[in-house]
Each structure stands twice: as structure tokens, then as C-alpha cells.
Amino acid sequence: TKPHAILFVFDGSMEEIPDGEEETKFYREIIQMTRRKGYAHPQVVLTRIDRVEENLAKSSANGDPAEQELKLRQALDAKIEGVVAKLEVPRTSVHFVENYHTGTSSIA
């Protein structure tokens, strides 16, 4: 049986995704190989986006929530565009996942 989809998962809190020219070349080759095998739309998932938000909040002196939201959207957009350019995948194939590592327990 064949897989239903090809999924690449990267740490979205990293500065550069993929990390460096060699890693970019590696993933491009893998994506080209998957396309030759019939998987036209490999998906890319960026995890740890909550860390990006935390880092922006720490570096921002401005406490305005609207300004922080705008900066977060700009940072995420830049990450998407970087992945799109480096891996030559459509923008619609890049997704974010927020990791919840604390404060999610709702046990009463």
C-alpha cells in the first residue's frame, strides 16, 4: 500500500528552515523524488510556533496586543515565504502547529 500523503515536519522556532544550504538541498531532492513517485503536493508542517510568539513578546517593548499580533503575523509570513522559496512548494502546502507544553491541563 502507498502512503496517502508525504509530510515534512520542521521546528518552526528555528531561525532558518531548513537549516542551511546542505539541508535545503537534501529536502529539495527528497521532494523531487516524491513528486516523481506521484505525490504532487507534499505538505510541510512547522511546529513550535508558540515559541516564536514567546520570543517576539520578550523582544517587544511595546505591550500593544494589536502590534504584537501584527509582528507575529509578519514573522510567520516570513517563515512561510522562506520555506516556499527554499523547498519550492506551494504556499498552501505549508502549515503551522502550536505546541502546548505547559498550561493545558483542564483537570479540576
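Okay, let's start with one residue: threonine 34 is buried, at 9% relative accessibility. This is a predicted model, by the way, so take everything I say in that light. Threonine 34 sits in helix α1. Which residues does threonine 34 touch, once we leave aside its neighbours within four places in sequence? Those contacts are Ile6, Tyr39 and Pro42.

Tyrosine 39 comes up again with proline 3. Those two are 36 residues apart in sequence, yet C-alpha to C-alpha they are 9.3 Å apart in space. Proline 3 belongs to the segment before β1, and with a relative accessible area of 47% it counts as partly exposed.

Okay, stepping back to the whole chain. We have 3 helices and 3 strands, and if you walk along the sequence you get β-α-β-α-α-β. There are 108 residues in the chain, and 30% of them count as buried. On contacts: take the ones between residues at least 6 apart in sequence, and 72% of those join residues at least 24 apart.

Now the sheet. It's an open one, 3 strands, in the order β1-β2-β3, and the pairing is parallel. Which strands stand at the edges? That would be β1 and β3, the latter being 94–96; each has a single partner strand, so one side of each has no neighbour in the sheet. From one strand to the next, the twist averages 25 degrees.

Let's look at the pairing of β1 with β2. β1 covers residues 7–11, and 5 bridges join it to β2, with the two strands running parallel. If you want to find the register on your screen, leucine 7 stands opposite glutamine 43 in β2, and phenylalanine 8 has valine 44 as its bridge partner there.

And β2 itself, residues 43–47: buried or exposed? Mostly covered, with 5 of its 5 residues buried. That goes for both faces: on one side you have Gln43, Val45 and Thr47, on the other Val44 and Leu46, and all of them are buried.

What lies across the sheet? Helix α3 does: it lies across β1, β2 and β3, and it runs at about 145 degrees to β3.

So α3 brings us to the helix packing, and there are two contacts I want to show you. Take α2 with α3 to begin with. α2 is residues 49–59, α3 is residues 65–87, and their axes come within 10 Å and cross at roughly 130 degrees. That makes the two oblique to each other. The crossing is right-handed. From the α2 side you have Ile49, Val52, Glu53 and Leu56, meeting Lys71, Leu72, Ala75, Leu76 and Lys79 of α3. By class, that contact comes to 6 nonpolar and 3 charged residues, with no polar ones.

Then α1 with α3. α1 is residues 21–36, and here the axes come within 9 Å and cross at roughly 65 degrees. The two helices are therefore roughly perpendicular to each other. Who meets whom? Thr24, Tyr27, Arg28 and Ile31 in α1 meet Ala85, Lys86 and Leu87 in α3. Split by class, this contact has 4 nonpolar, 1 polar and 2 charged residues.

Last topic: the backbone in the loops. In the loop between β1 and α1 you'll find proline 18. What kind of peptide bond joins isoleucine 17 and proline 18? A cis one, with omega at about -15 degrees.

Next, the loop between β2 and α2, which is where arginine 48 is. Its phi is near 60 degrees, so to speak on the positive side, in a residue other than glycine. Arginine 48 is partly exposed, at 29% relative accessibility.

Glutamate 88 is another one to click on. It is in the loop between α3 and β3. Phi of glutamate 88 is near 55 degrees, again a positive value in a residue other than glycine. With a relative accessible area of 44%, glutamate 88 counts as partly exposed.

That's it from me. If you'd like one place to begin looking, go to β2, where both faces are covered.

Notes: Residues are numbered from 1 along each chain as its sequence is written. This is a predicted model: local features need pLDDT of at least 70, side-chain atom pairs count only at pLDDT 80 or more; totals for chains, interfaces and linings use all residues. Side-chain values use heavy atoms; hydrogens and water are left out. Axes are lines fitted to C-alpha atoms, for helices over the stretch in contact, and angles run from 0 to 180 degrees between N-to-C directions. Helices (H or I, at least four residues) and strands (E, at least two) are DSSP runs, numbered from the N terminus. Angles under 35 degrees count as roughly parallel, over 145 as roughly antiparallel, 65 to 115 as roughly perpendicular and the rest as oblique. A crossing is left-handed if the near helix is turned anticlockwise from the far one by less than a right angle, and right-handed if clockwise. Contact means heavy atoms within 4.5 Å. Ala, Val, Leu, Ile, Met, Phe, Trp, Tyr, Cys and Pro count as nonpolar, Asp, Glu, Lys and Arg as charged, and the others, Gly among them, as polar. Buried means under 20% relative accessible area, exposed over 50%, partly exposed in between (1.4 Å probe, protein chains only). Two strands pair if DSSP finds at least two bridges between them.
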